[in-house]
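Open your viewer and get ready to select things one by one. We will go from stop to stop, and at each one you will hear what to look for.

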Amino acid sequence: MPVYRYPMPKGSEITDEKMFLNRRQFMVSAAGFAAGATVPTIGHAKTIDDYKALNVSVKNSPYSTEDPANPFEDITTHNNFYEFGTGKGDPAANAGTLTTDPWSIKVGGLVNNPGTIDINDILNSLELEERIYRLRCVEAWSMVIPWVGIPLASVLNKYDQQGDAKYVSFETLVRPEEMIGQRNAFGLDWPYVEGLRLDEAMHPLTILAVGVYGKQMPNQNGAPIRLVVPWKYGFKSIKSIVGIKFTAEQPATTWNLQGPSEYGFYSNVNPGVDHPRWSQKTEKIIGSGIFGSRRQTEQFNGYKEQVASLYEGMDLVKNF
Ligand SMILES: Nc1nc2c(c(=O)[nH]1)N[C@H]1C(S)=C(S)[C@@H](COP(=O)(O)O)O[C@H]1N2
Ligand SMILES: [Mo]
């Protein structure tokens, strides 16, 4: 197994969102966060002392939403991961076959020092932090997920980019013997590929996530490492990454290749631009109870203040 210093909660510790929130409040006071601490929340499933004992620096993040996080069960049973089938339950049912150790990511393209990242270097990074983000799927459903990750920028910054690098492309593992969906034809070509403009990739909200709820990334969520870009439709957040490249041209992306009139390269969440086959004005919050209702979809998925400046002067309808 890769070395992963996050404590692994036992099944009994996997709580619903209410306990999660209570625990956050408890931990804030139990850990004696001084009055004046501006971002006093850490939502992991164990106490701050556990992290101290493990010598892991888990930073609080001003980027986390205050919205209640979905239960672990929602996050790990309602998934899109076509490499394991097209049904929402298929990834949970089929992704157990994926081997995630050893795992490395090849970094290349327009850089002077191409190389390979060993997943353990990220799993042990002192820069890991929790980011509680909204995830809005283009299919008009959403969840709130407490990721554990590292800013993508801090990984990309280790590479000496060449001047003409303007975009970053990503690709998922191809291993049909372990990925049942890759043995079937759904009209998608493998590998699943995605891309961002370089400034989007370097934005502090963009992370490479290696965990959920303080646990190592479940296979169905894109183990061992996946992208999370919270202001874009979920399909931009590519899972189980094995390759990253700096490019001069806008990279091809899987869903855009599949349906260019329905899935743009930018795909910023936008209630003002409907999908040709359905409205994007509202979204179903996955789950039951306080989850399970609908809410208004927000421009840039609620991250407008942080990201709108990236798109100044761009026609967000044409460049959807
Ligand atoms: N490799 C790969 N990455 C992928 C997908 C996929 O099918 N294959 N689905 C995308 C879609 S459509 C969404 S909504 C999110 C879902 O992430 P989650 O299952 O962790 O909620 O993953 C994205 N990343
Ligand atoms: Mo999605």
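A residue counts as near a molecule if one of its heavy atoms lies within 4 Å of it. Select ligand 1 with that cut-off, and 17 residues light up around it, the closest being Asn79, Tyr82, Glu83, Ser237 and Lys239. A note before we go on: this is a predicted model, where local features need pLDDT of at least 70 and side-chain atom pairs count only at pLDDT 80 or more, while totals for chains, interfaces and linings use all residues. Residues are numbered from 1 along each chain as its sequence is written, chains are lettered from A and ligands numbered from 1 in the order in which they are written, and side-chain values use heavy atoms, leaving out hydrogens and water.

**Stop 1: the ligand's polar contacts**

Here a polar contact is a pair of N or O atoms within 3.5 Å. Show Tyr82: a backbone N or O atom of this residue is 2.8 Å from an oxygen atom of ligand 1. Next pick Ser237, which has a polar backbone atom 2.9 Å from a nitrogen atom of the ligand. Then add Lys239, where an N or O atom of the side chain lies 2.7 Å from an oxygen atom of ligand 1. On its own, ligand 1 has 530 Å² of accessible area (Shrake-Rupley method, 1.4 Å probe), and the protein covers 98% of that.

Now colour the shell by class: ligand 1 has eight nonpolar, six polar and three charged residues around it. In this scheme Ala, Val, Leu, Ile, Met, Phe, Trp, Tyr, Cys and Pro are nonpolar, Asp, Glu, Lys and Arg are charged, and the others, Gly among them, are polar.

**Stop 2: the pocket**

A pocket is an open set of points on a 1 Å grid over the protein atoms alone, where a 1.4 Å probe fits, with protein on both sides within 12 Å along at least five of seven lines; lining residues have an atom within 4 Å of a point. Select the 28 residues that line the largest pocket; Asn80, Phe81, Tyr192, Gly234 and Phe235 lie nearest its centre. By class, this lining has 16 nonpolar, seven polar and five charged residues.

**Stop 3: two prolines**

Most peptide bonds are trans. Go to Asp101 and Pro102, which are joined by a cis peptide bond with omega of about 5°. Then move to Ala223 and Pro224: a cis peptide bond links them too, with omega of about -5°.

**Last stop**

Finish at Ala140, a residue other than glycine with a positive phi of about 70°.

Technical notes
A polar contact is a pair of N or O atoms within 3.5 Å; within protein, one must be able to donate a hydrogen and the other to accept it, and residues adjacent in sequence count only if both atoms are side-chain atoms.
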